[in-house]
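Trainee: I have a structure to learn today, and I would like to understand the words people use for it. Could we go through some of them together?

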Amino acid sequence: LRGARGCVKPCRPVGLAVVHAAIQAAYADLRYPSVAPLEYPELTLDLFLFSPKVASISWRQASDLFREGTFSVVVPPASGGSRPTLFLPTDTLDRRDAAQEVDCMRTVHWSGPLAAA
């Protein structure tokens, strides 16, 4: 992983959102060094497309759906926090309060060489 960017809710047309997120992930994710030109041929892209929210359900129920590999889970911000936590189908869920309410979205995942995108 060299960067992660995007939006869970529609923020612009899909094609523009993908280009914007890819540029942000490559050059603006402060957790990682920017991608260097020598790395370009080796880059891959992981693209996740989300449906509108399918349901607001308990963490326990979301964990069951998540195991199917076609759902993402959005956990509201912790008390005093400002950003929700997003778990993609490729992530590992941590343990939370089983009764906590979370949002689930059906998710399609594509992964491949950046040149093929």
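Trainee: How many salt bridges does the count come to?

Mentor: Good place to start! This is a predicted model, and the count comes to four salt bridges. One of them joins the side chains of Arg5 and Asp29.

Trainee: What makes Arg5 and Asp29 a salt bridge?

Mentor: Side chains of opposite charge can pair when their charged atoms come close. The cut-off is 4 Å between a side-chain nitrogen of Lys or Arg and a carboxyl oxygen of Asp or Glu. For Arg5 and Asp29 the N to O value is 3.7 Å, so the pair qualifies. Arg5 belongs to the segment before H1 and Asp29 to the loop between H1 and E1, 24 residues apart, and the pair links distant parts of the chain.

Trainee: Which other residue forms a salt bridge with Asp29?

Mentor: Arg31 does, with the closest N and O atoms 2.6 Å apart. Asp64 and Arg67 form another salt bridge, at 3.1 Å. Through shared partners, Arg5, Asp29 and Arg31 are joined into one network.

Trainee: Why is Asp29 called buried, and why is Arg31 called exposed?

Mentor: Buried means under 20% relative accessible area, and exposed means over 50%. Asp29 has 4%, so Asp29 is buried. Arg31 has 56%, so Arg31 is exposed. Arg5, at 41%, falls in between and therefore counts as partly exposed.

Trainee: Now the rings. Why is the pair of Trp59 and Phe87 called edge-to-face?

Mentor: By the rule used here, there is one aromatic pair. Trp59 and Phe87 are 5.8 Å apart, centre to centre, with 65° between the planes. Ring centres must lie within 6.5 Å, and planes over 60 degrees apart count as edge-to-face, so both conditions are met. Trp59 sits in helix H2 and Phe87 in strand E3, 28 residues apart.

Trainee: Are those two rings buried or exposed?

Mentor: Trp59 has a relative accessibility of 4%, so Trp59 is buried. Phe87 has 7%, so Phe87 is buried too. Asp94, in the loop between E3 and E4, touches Trp59 and Phe87, leaving aside residues up to four places away in sequence. Asp94 itself is partly exposed, because its value is 35%.

Trainee: How do you know that Thr107 makes a polar contact with Ser72?

Mentor: The side chains of Thr107 and Ser72 come to 2.7 Å, and the limit for such a pair of N or O atoms is 3.5 Å, so the distance fits. Also, the backbone oxygen of Met105 lies 3.1 Å from a polar atom of the Thr107 side chain. Thr107 lies in strand E4, and at 7% relative accessible area Thr107 is buried. Among the residues Thr107 touches are Phe48, Phe50, Thr70 and Pro89.

Trainee: Which residues make the nonpolar surface patch?

Mentor: Val19, Ile23, Tyr27 and Tyr40 make this patch of about 390 Å².

Trainee: What makes Tyr40 accessible enough to belong there?

Mentor: Patch residues need over 30% relative accessible area; Tyr40 has 40%, so Tyr40 passes that cut-off. Tyr40 is found in the loop between helix H1 and strand E1.

Key:
Residues numbered from 1 in each chain as written. Predicted model: local features only at pLDDT ≥ 70, side-chain atom pairs only at ≥ 80, totals over all residues. Heavy atoms only, no water. Helix = DSSP H or I, 4+ residues; strand = E, 2+ residues; numbered from the N terminus. Buried < 20%, exposed > 50% of the residue type's maximum accessible area, 1.4 Å probe, protein only. Polar contact = N/O pair within 3.5 Å; in protein donor to acceptor, adjacent residues only side chain to side chain. Contact = heavy atoms within 4.5 Å. Patch = residues over 30% accessible without salt bridge, like charges linked within 9 Å, V, L, I, M, F, W, Y side chains within 5 Å. Areas by Shrake-Rupley, 256 points an atom, 1.4 Å probe, with all protein chains shown as cover. Phe/Tyr/Trp six-rings, centres within 6.5 Å; stacked < 30°, edge-to-face > 60°.
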